[in-house]
Each structure stands twice: as structure tokens, then as C-alpha cells.
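I opened this entry to keep track of what I looked up, place by place, while going through the coordinates. Each paragraph below records one look.

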Amino acid sequence: VIRTAAAQEPYVSEAQLSLLGVQGVDSNTISLAHRLLVQTPDDGSQVDSIDKIDGLLSEALVALSTIAAAADANTAATQVTHAHYSALGYAHLEAAFEASLATVLDRPAVTAESVNSVAEIESLIATYQALIAFVMDPESSAQDPSVADYAKLGITGIGSEALLAVLNDALSTDRSLSGSVSDAGLLQALVDDFNTSMDAIRLYSEDPQGNAEPGFELYQKLRLGDIDAALVSSVNSVLADSDVVLSATDVRNETQTLLTTYKNLLAFASGDAHAVAPSGADYALLGVTQLVESRAVDFMNSVLVLQPLESLDTAEKLSERAEAVNTLYYTADIADVSSASTDSNAISVEQLALLGQVVTSAQLASVRAFIASKADVDITDIAALTGLVEAVITAAERIQAYSEDPTAALDTANGGLGAPAPLDYEVVLAGTGLAVSDVAALNELLADSDVAVGSADLQAELSSIVR
């Protein structure tokens, strides 16, 4: 003992101190004993009797041993008292803090090795006090708690910086969670709740059929910004898309990106001046992977601004419209215009309707052919398409109305559309290779009560007459 007091090795052993009657000496406390002995005068004057040695070491060693043993057995709440902290120089600790500290010591992840020295206990106390200070006044805190800080306090499951950010944000801004910091068990439950929420969202993206759809409250737990129930429903539709699977390591940030991207798309569609036009990458992020050409992306953006928001609030609705845009350009790219009207892959009545165009099945062949007769530069946006379709519809309706009742058709003062003109026949017969050289003769023929066109396929019916 005297040699140790003079800082000369070998230092006194556990067994030797026990022989001298010093209590509380074990592998967890021997380093504290060495430190206390080395701090005495080198001449050994403070350790030259059993009483002096016992007075110097026993109380502190018993306190440290008790705290270490309680940490191992998770019994700090009942076994560790104020006297134990006082013996280690922490008499200033208040009862409320000691009660909270006991919940830390009783965490399974906090073991004897975590508190087997005064330095470890001091570090544990300082870390816990810093966390409490952060929660009570985050603006004055020197730094945000780290993953290592929470781990020191026995809080497990913080596996990413994203989750750390969620936790720190929740503790520093949500006053209803302030009480969690006073009980490590509640703090752990909060972390577990965050992990459960992220797992639920991730698992739904992996298998929407086998997992419950995440609710609005679950998204709220992750402290996600600018959300409402309708937007959450839209994002859930994205997660249900087989093309969208969240990674296990960054669920929170990826979910926030989905929310932000979808919110911007809807804002753009509603005419918000602060929103930006969605890019091809934005659409792909939302599971709309069909828009691989820039012309299709541009056209889709022109579609958005004319659609009611309820037509855009799911990934499926967006994908249907994107597919319609692609089919539109497929139709426009058909080299043999004469085949467009019967091409099964050309745009359909239903797809035209998704793009805001009301076309009957009888008018479809003419619309397809007229689109195919144009270059894609003639169909750069929804306004250009509408112009083309309206030209066909106007021509088709004029021809059909004249065929049904020429007298009423010629009565333009009372809503009649007038007699078909050369351009009307040109538009309706686009792609057939037919031309009407004598419009008056054809109109006379259509005026015959025995001739009717436009009931099923106006282009085919009119072609048979012209031929």
C-alpha cells in the first residue's frame, strides 16, 4: 500500500487490500483504489495504519462496487442511494436526478463495465445531464446528443443519423415528450416507437399486400414535414407500387423525399408559382417509370395543370396518364398513317379521356390517323393535342349532322353546323389516301335519307362512300 502511495509499481492487489480488511475491492473497483492511494503523499503518512487505509478506501470502494453490481443486476432503483454517490464525490446530486439516473443504470445495455470507475460514472452523469439540458433548452445546448451519447445511457436501436435527427428533433420541440428524458425506459420506448414506424413504412413498400397501410399518425411520429392525411394517402399509393421499395437504412429521409416530391407535383398542378415542373426523375421516384423521353415529361407536365387534383392523387392515376402520353407519341410516330386507325397499340378512347379529350369510338379512327399525320413537334403539349382533336371532332360532327338532317345542319342561325367543307373531309379521311374532289356531289349524296354515316366508324363509313 505504501509503495502504491508513492506511485511505485507493482501496485497493491485486490487480495492484499482484502487482507487489510478493505471492503468493496474487486475487479471493478481496484483501479479506483489505486487512484485514491496514488493521490496521497508519497511518504505514506496517510496510509500508515489500517484505519487510515480503510477510511480512505472502503466507503468509496463499496459505493463503486454497489453501483457496478446494481448496474449488472438492474437493481439500481432499490440498491443505489444518495450515500453511494456522496462517497464518490457527488453529494450535490438531487434526488430527482438520482432517481432518473437509476433508470439509466437499470438499462440492460448499461453493465458493470459501463460504471466500473469514477471516470465512467462521471462520464455517465455528465452525458445524462447534457441530454436533459438539451431537451429543456436546446438553443443553449453546446451540441446535440450523438448516437454514442444515447448508447452510453443504454438507449439502443439508433442505427442511423436519420433516426438520431428524428429523435433529437422530437425531444427538443415536442414538449409532451420532455418527460421521456427523465426515464430511460420511456426514452427507449420512444426510440422503439420510431423504429416500429419506420419498419411499418418500409415493410409496406416491400409487400403492400402482406402489410398494413401506414396511417397518418405513424408518419407524424417520424417528424416528417408538411404532411396531411391526403398527402400520406398519395404517398402510400406510391409505396404500394412495385417499382418503389425503401431501403432499410434510410427510411425516414426517403419517405420525406417522396412526400416533398408528391407535394410539389400537386402544387405545380394547382398552379402554385413556387412549385417547379416535375422532372423525369421526380416521376420515377413516385413510381411513374414510363416517362423516359423528355418530350413525354414535358407533355405530362402540361397535362397536370389541366387535371383536377383528385385525378392525380395516386401513383396509379399518374401512371395511367403517363402511359396515355407514351401511347400518344407512339401514335404520332406511326410512319404508315394508313395503319394508324386500326393499330391496336395506338391511343384509345379511354386514354384520350385521361388526357382530357372526349372522343367517341366512331371518331377514334379519324383522330388516330390525324395524329399520326402530324409530327411530334405538332403535339408538344396538351393544348396542341386539344387543337388537333377538336379539329377532328368538329369535322366529324359536321359531316354526321349533315348526313342525319341536312336541313337542320344548314340552319346555322339555330345551331346548325353547316355543310361539310373540303377541310372537314380531309381531316376525317386522314391516312386513308382518299381525297374528295367534288365536295358538292358528296354533300348531295350524304343528304340522301338512305345514307347515314358516323354511327360506328365515321372514317370507314365515309371511305366506302368516297370509293
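The notes that follow go from helix packing and aromatic pairs to single residues and backbone geometry.

Before anything else I noted that this is a predicted model, and I read every value below as computed from that model.

Entry 1, helices α7 and α8. I began with helix α7, residues 95–105, and helix α8, residues 118–136, whose axes lie 11 Å apart and which pack at an angle of about 110 degrees. Since angles from 65 to 115 degrees count as roughly perpendicular, α7 and α8 are therefore roughly perpendicular to each other. I also noted the hand of the crossing of α7 and α8, which is right-handed. On the α7 side the contact is made by Phe97, Ser100, Leu101, Thr103, Val104 and Leu105, and on the α8 side by Leu124, Ile125, Tyr128, Gln129 and Ile132. Sorting the residues of this contact of α7 with α8 by character, I have 8 nonpolar, 3 polar and no charged.

Entry 2, aromatic pairs. How many aromatic pairs does a search of the whole structure find? It finds 2. In one of them, the ring centres of Phe97 and Tyr128 are 5.5 Å apart with the planes at 40 degrees, so I list the pair as tilted. Phe97 belongs to helix α7 and Tyr128 to helix α8, so this pair ties together parts that are 31 residues apart in sequence. Phe97 and Tyr128 are both buried, and both are also named among the residues that make the contact between α7 and α8.

Phe299 and Tyr329 form an aromatic pair as well, and this one is edge-to-face, with 5.9 Å from centre to centre and 85 degrees between the planes. Phe299 sits in helix α16, residues 294–304, and Tyr329 in helix α17, residues 315–332, so that the pair links distant parts of the chain, 30 residues apart. I checked burial here too, and both Phe299 and Tyr329 are buried.

Entry 3, helices α17 and α20. From Tyr329 I stayed with α17, which packs against helix α20, residues 361–372, at an angle of about 70 degrees and with the axes 7 Å apart. That angle makes α17 roughly perpendicular to α20. The residues that meet are Leu328, Thr331 and Ala332 from α17 and Arg368, Ile371 and Ala372 from α20. I count the contact of α17 with α20 as 4 nonpolar, 1 polar and 1 charged.

Entry 4, two single residues. Is Ala63 buried or exposed? Ala63, in helix α4, residues 50–73, has a relative accessible area of 1%, and because the cut-off for buried is under 20%, I enter Ala63 as buried. Leaving out residues up to four places away in sequence, Ala63 touches His84, Ala87 and Leu88. I also took the C-alpha to C-alpha distance from Ala63 to Thr29, which is 9.4 Å for a separation of 34 residues in sequence.

Ser178 I found in the loop between α10 (161–173) and α11 (184–206), and Ser178 is likewise buried, with a relative accessible area of 14%. Beyond its neighbours within four places in sequence, Ser178 is in contact with Val135 and Met136.

Entry 5, backbone geometry. As background, most residues other than glycine have a negative phi, and most peptide bonds are trans. Which form does the peptide bond from Glu9 to Pro10 take, cis or trans? The bond is cis, with omega near 0 degrees, and Pro10 lies in the loop between α1 (2–5) and α2 (14–19).

Asn74 is not a glycine, yet has a positive phi of about 55 degrees; Asn74 is in the loop between α4 and α5 (76–79) and is partly exposed, with a relative accessible area of 34%. Arg223, also not a glycine, has a positive phi of about 55 degrees, and I placed Arg223 in the loop between α12 (216–221) and α13 (229–239), where Arg223 is partly exposed at a relative accessible area of 22%.

Entry 6, Leu410. My last look was at Leu410 in helix α22, residues 406–410. Setting aside neighbours within four places in sequence, Leu410 is in contact with Tyr402, Gly418 and Ala419. The C-alpha atoms of Leu410 and Pro420 are separated by 9.8 Å, with these positions 10 residues apart along the chain counted as their separation.

Key: Residues numbered from 1 in each chain as written. Predicted model: local features only at pLDDT ≥ 70, side-chain atom pairs only at ≥ 80, totals over all residues. Heavy atoms only, no water. Axes fitted to C-alpha atoms, helices over the stretch in contact; angles between N-to-C directions. Helix = DSSP H or I, 4+ residues; strand = E, 2+ residues; numbered from the N terminus. Parallel < 35°, antiparallel > 145°, perpendicular 65-115°, else oblique. Left-handed = near helix turned anticlockwise from the far one by under 90°. Contact = heavy atoms within 4.5 Å. Nonpolar A, V, L, I, M, F, W, Y, C, P; charged D, E, K, R; others polar. Phe/Tyr/Trp six-rings, centres within 6.5 Å; stacked < 30°, edge-to-face > 60°. Buried < 20%, exposed > 50% of the residue type's maximum accessible area, 1.4 Å probe, protein only.
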